[in-house]
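Me: Let us go through a structure by question and answer. Keep the turns short.

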Amino acid sequence: MEKFSLPTFVITFLTISSLILILHSANSIESFQKTDGMNAQINYSFVGKWGSKGSGDGEFERPHDIGFDSRGYTYVSDRELDNIQKFTHNGTFIMKWGSKGTGAGQFNIPYSIGIDSKDKIYVVDRENHRIEKFDANGRYIAQGGNARGNSDNQMNRPEDIVFSPFGIFVTDTGNDRIMKFNSSFILVHKWGSKGTGDGQFIHPHAIDVDSKGRVYVGELNRPGVQEFNNNGTFLKRWGSIGTADGQFSVPQEHIAIDSHDRVYIVDGASNPRVQIFDTNGHYLGKIGSYCKISTGEGCIDPDGPGPLELGDGQFSKPEHVSIDSLGNVYVVDRGNARIQVFAPTLNEFSK
């Protein structure tokens, strides 16, 4: 089987196809999540969910990331089951692949998913310190990464990856650094070290890039965001610990940036919600609140006697947020073993 080193293989980060159109239906709530902020008002509706606890087809133990190919198929990584599941865009199970191990096509905690323009699937295999490449049917093609280490063609427990016009950025978590690659996946820059100072990290966990090329890094156990230019120059830090609007609990999970440069941050297990900010860290709003479906703890019926069910739009231990080209927000609701989808109301499409 083909193997390739980090300096030679090319990855294209997932883009969610415009074919995936989430339509409002009788089961949605207009303005289910209404968010107010600095000269902005953002409205979201809960529009769908799928998944349940278990190890069978279409079930999850610890779902982590979600990606979409050009034909509208959906891929979800499960870091406990060490597999990838493939669904239709509305959550109908199609197939799955992967098992625990170090061999080709096996995983040891599959993390982030990327999908290129040819519908090749890239999985960040964290504890194997590599990125594996598959076709859309789960057939192994190649891998990048030369064992665990800190050299230019090695990584140590990578966790997140983002592709942008400004470069490809990886959180090399175990080395407390950010790695920047060009479009040929050749390392062109790296920055960071362990510490609490500006430009230093304690478990860099999440990364995304805005339309101006500013790089946003979130750390798992230190609340807030550090901003850099795309060559690693520190710009600013924002965020503080707490449970109020605009504050963060720990662990702090994923970051995603939409086409309007709004920054979505998963606040994690102890304060489960997705908070929304502008690029200066001004709070704009939030999606979600706590609900543990298995016990009913914290759960509310969002539309009273309406068609929605108890706990729709609420989370337990959310881990990942993804945003498609239409502004639809996908949240991996890990504690409830499901995926939830929110859509912006019509006035948001015109902004």
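The turns below cover the model's basis, core, disulfide, salt bridges, strands and rings.

Me: What kind of model is this, and which pLDDT do side-chain atom pairs need?
Reply: Residues are numbered from 1 along each chain as its sequence is written, and side-chain values use heavy atoms, with hydrogens and water left out. This is a predicted model in which totals for chains, interfaces and linings use all residues, local features need pLDDT of at least 70, and side-chain atom pairs count only at pLDDT 80 or more.

Me: Which strand gives the most residues to the largest nonpolar core?
Reply: A nonpolar core is a set of buried Ala, Val, Leu, Ile, Met, Phe, Trp, Tyr and Cys residues joined through side-chain atoms within 4.5 Å. The largest one has 17 residues, and Tyr44, Tyr264, Val274, Ile287, Val321, Val329 and Phe342 touch the most other members. Elements giving two or more residues include strand 20 (263–266), strand 23 (318–323) and strand 24 (329–333), where strands are DSSP runs of E, at least two residues, numbered from the N terminus. The top contributor, with three residues, is strand 2.

Me: Which hand does the disulfide of Cys291 and Cys299 have?
Reply: A disulfide is a pair of cysteine sulfur atoms within 2.5 Å, and the structure holds one. Cys291 and Cys299 are joined with an S to S distance of 1.9 Å. The torsion about their S-S bond is about 85 degrees, so the disulfide is right-handed.

Me: Is Cys299 buried or exposed?
Reply: Buried means under 20% relative accessible area, exposed over 50%, and partly exposed in between (1.4 Å probe, protein chains only). Cys291, at 0%, counts as buried. Cys299 has a relative accessible area of 14%, so Cys299 is buried.

Me: How many salt bridges does the structure hold?
Reply: A salt bridge needs a side-chain nitrogen of Lys or Arg within 4 Å of a carboxyl oxygen of Asp or Glu. One of them joins Lys53 to Glu61, with the closest N and O atoms 3.2 Å apart. Lys53 is exposed at 54%, whereas Glu61 is partly exposed at 25%. The count of salt bridges is 25.

Me: How many residues apart in sequence are the parts that Arg157 and Glu127 tie together?
Reply: Arg157 and Glu127 form a salt bridge, their closest N and O atoms being 2.9 Å apart. Arg157 lies in the loop between strand 10 (140–144) and strand 11 (158–164), and Glu127 in the loop between strand 8 (121–125) and strand 9 (130–134), so the parts tied together are apart by 30 residues.

Me: Where does the salt-bridge partner of Lys286 lie?
Reply: Lys286 meets Asp245 in a salt bridge at 3.0 Å, N to O. Lys286 is in strand 22, and 41 residues separate the two; Asp245 is in the loop between strand 18 (234–238) and strand 19 (255–257).

Me: Which residue stands opposite Tyr330?
Reply: Two strands pair if DSSP finds at least two bridges between them. Strand 24 and strand 25 pair in the antiparallel sense over five bridges. They form a hairpin with four residues between them, and Ala337 in the turn has a positive phi of about 50 degrees. Opposite Tyr330, in strand 25, stands Val341.

Me: How many residues of strand 25 are buried?
Reply: Arg338, Gln340, Phe342 and Pro344 point one way, and Ile339, Val341 and Ala343 the other way; all are buried. Strand 25 (residues 338–344) is mostly covered, and of its seven residues the buried ones number seven.

Me: Why do Trp50 and Phe87 count as tilted?
Reply: Rings of Phe, Tyr and Trp (its six-membered ring) pair if their centres lie within 6.5 Å; planes under 30 degrees apart count as stacked, over 60 as edge-to-face and the rest as tilted. By this rule there are 17 aromatic pairs. Trp50 and Phe87 have ring centres 6.0 Å apart and planes at 50 degrees, so the pair is tilted.

Me: Which residue lies over the face of Tyr73?
Reply: A charge sits over a ring if NZ of Lys or CZ of Arg is within 6 Å of the ring centre and within 35 degrees of the ring normal. At 4.5 Å from the ring centre of Tyr73, the residue is Lys86.
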